[in-house]
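Work through these exercises with the model open beside you. Try each task before you read its solution.

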Amino acid sequence: MACRQAGKPVQLPASSLVTCISCMLSRREIFQLRASHIKLRTLIVQHASTQKPLDMGQSGGGNAVACCTLLLLLLGAAAVQTAQAQVVPALFVFGDSLVDDGNNNALASALAKANYFPYGLDFLGGAPTGRFCNGKTVVDALCDLLGLEYLPPYTSTGQDVSPSLLGGVNYASAAGGILDETGQHLGERFSLSQQVLNLETSLDAIRSQLSYPSSSYEQFLARSIAVMVVGSNDYINNYLLTSLYDSAAKYNPQDFATLLITHYTRQILALYSLGLRKFLLAGVGPLGCIPCLRALSGQGQCAEQVNQMVGFFNQGLRSLVDQLNADHPDAAFTVGNTFDAVQDMIRSPGSYGFTTVDSGCCGLGRNRGQILCLPLMQPCDARDQYLFWDAYHPTQATNILLAQAAFNGTQDRVYPFNLQQLVNKP
């Protein structure tokens with residue numbers, strides 16, 4: 001590698017990472033430039049394998065800065081990624097089909113399953129895994145950002161050859177909701193309360209795999225992050241489904257949102273009592289704009305009445321986060337503003353690389369939202385240009401954007417602090 005020292009080029013073998021410090025990058029700049037890490041690492045590795053000097057050019061001091069920026073970016077980004085992996089040992093995920101990564105596959109009577117092609121078309125290996133997406137869920141994208149392996153579904157952890165639980169476990173279940181009765185017409189599923197109970201059954205195995213004193217076990221849970229993505233089904237597969245559920249007859253939208261927040265709070269506090277101390281809670285997105293509800297409107301427009309209903313829940317969730325942070329100073333709670341993030345994608349699709357935001361990529365009928373993506377159905381070609389994958393769920397492209405917003409977004413996207421800040425909370 002060519003670097004300049006006192007105006008003279010100095011040849012450094014690319015295989016030795018010797019820091020030529022003539023420029024400095026802040027931690028924030030390293031985070032902002034982290035997306036370049038993979039390309040930078042590839043460049044270094046390629047030249048290291050040939051044992052040839054990597055010449056950044058011959059134009060004087062400017063190349064010294066370029067050389068050192070390259071090297072510091074590589075070292076800094078790697079250090080940040082390693083530090084994050086150490087600070088965040090695991091994610092424990094609770095939720096619904098937006099983040100289910102295969103739990104429902106193991107539930108015999110579950111009707112809500114994504115265990116067939118073309119689901120998983122763009123995931124590793126191109127095979128269906130149970131994710132309700134063409135590729136990565138938002139949790140998968142968060143794992144990428146945190147340097148964690150993708151999480152095993154809870155239903156795979158009781159098998160004879162059980163995966164390590166030390167990177168976390170995914171307990172999410174399609175059709176599950178905050179209320180136990182939500183989604184019952186879709187057969188077997190894990191409600192949020194059952195998911196919390198499932199975590200309890202995992203704790204002994206986690207403790208045994210740690211093989212450390214109890215204090216380390218407690219620190220492991222306290223440093224881990226609980227990711228909760230739930231609430232959508234309580235509207236789609238409960239409150240709005242008046243032919244099967246009577247909740248809309250019992251509660252007006254504000255009271256129903258209050259009911260959900262009350263039940264949600266109980267489960268969050270149950271997780272807190274088990275030892276978890278860091279929580280990322282995802283708000284509910286603009287359900288009135290998903291292809292299924294657009295199709296029901298007859299004109300293909302967003303069902304604004306539904307969006308208003310969801311708004312009551314999201315307002316309550318933000319207030320809950322404030323209250324939890326005040327009541328539990330030894331813990332940290334933050335909420336992702338999924339609603340506004342997705343609404344911005346809908347209003348300014350070109351800014352995010354989208355061309356289609358009102359229809360699913362895979363499905364049939366109006367807005368490709370009247371019939372779900374069926375086995376072996378041919379999806380759209382330009383999947384990265386679609387906001388929605390099917391009648392209900394976002395594409396991998398959308399999930400990556402949402403994860404990035406949660407990871408380093410400002411308070412209008414994640415409140416009161418983003419995931420980077422949550423990671424660094426003591």
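Two strands pair if DSSP finds at least two bridges between them. Keep in mind that this is a predicted model.

**Exercise 1.** Find the bridge partner of Leu 91 in β5.

Solution. Start with the strands. β3 covers residues 91-95, and β5 covers residues 225-229. The two pair in the parallel sense, over 5 bridges. Now look across from Leu 91: its partner in β5 is Ile 225.

**Exercise 2.** Which strand do 3 bridges join to β3?

Solution. The strand is β4, residues 168-170. β3 and β4 run parallel. For one facing pair, take Phe 92, which stands opposite Val 169 in β4.

**Exercise 3.** Sort the residues of β3 by the way they point.

Solution. First recall the rule: in a regular strand, side chains alternate between the two faces of the sheet. Now apply it. Leu 91, Val 93 and Gly 95 point one way. Phe 92 and Phe 94 point the other way. Then check burial, using the cut-off of under 20% relative accessible area. 5 of the 5 residues in β3 are buried.

**Exercise 4.** How many residues of helix α7 are buried, and what covers them?

Solution. α7 spans residues 232-239, and 8 of its 8 residues are buried. Among them are Asp 234 and Tyr 235. The cover includes α8, α9 and α11.

**Exercise 5.** Which residues have the most contacts inside the largest nonpolar core?

Solution. This core has 98 residues. The residues to pick are Leu 91, Phe 92, Tyr 235, Tyr 264, Phe 279 and Phe 313. Next, follow Phe 279: its contacts beyond four places in sequence include Ala 226, Met 228 and Leu 422. A second, separate core has 13 residues, including Cys 361 and Cys 373.

Key. Residues numbered from 1 in each chain as written. Predicted model: local features only at pLDDT ≥ 70, side-chain atom pairs only at ≥ 80, totals over all residues. Heavy atoms only, no water. Buried < 20%, exposed > 50% of the residue type's maximum accessible area, 1.4 Å probe, protein only. Helix = DSSP H or I, 4+ residues; strand = E, 2+ residues; numbered from the N terminus. Contact = heavy atoms within 4.5 Å. Core = buried A, V, L, I, M, F, W, Y, C linked by side-chain atoms within 4.5 Å.
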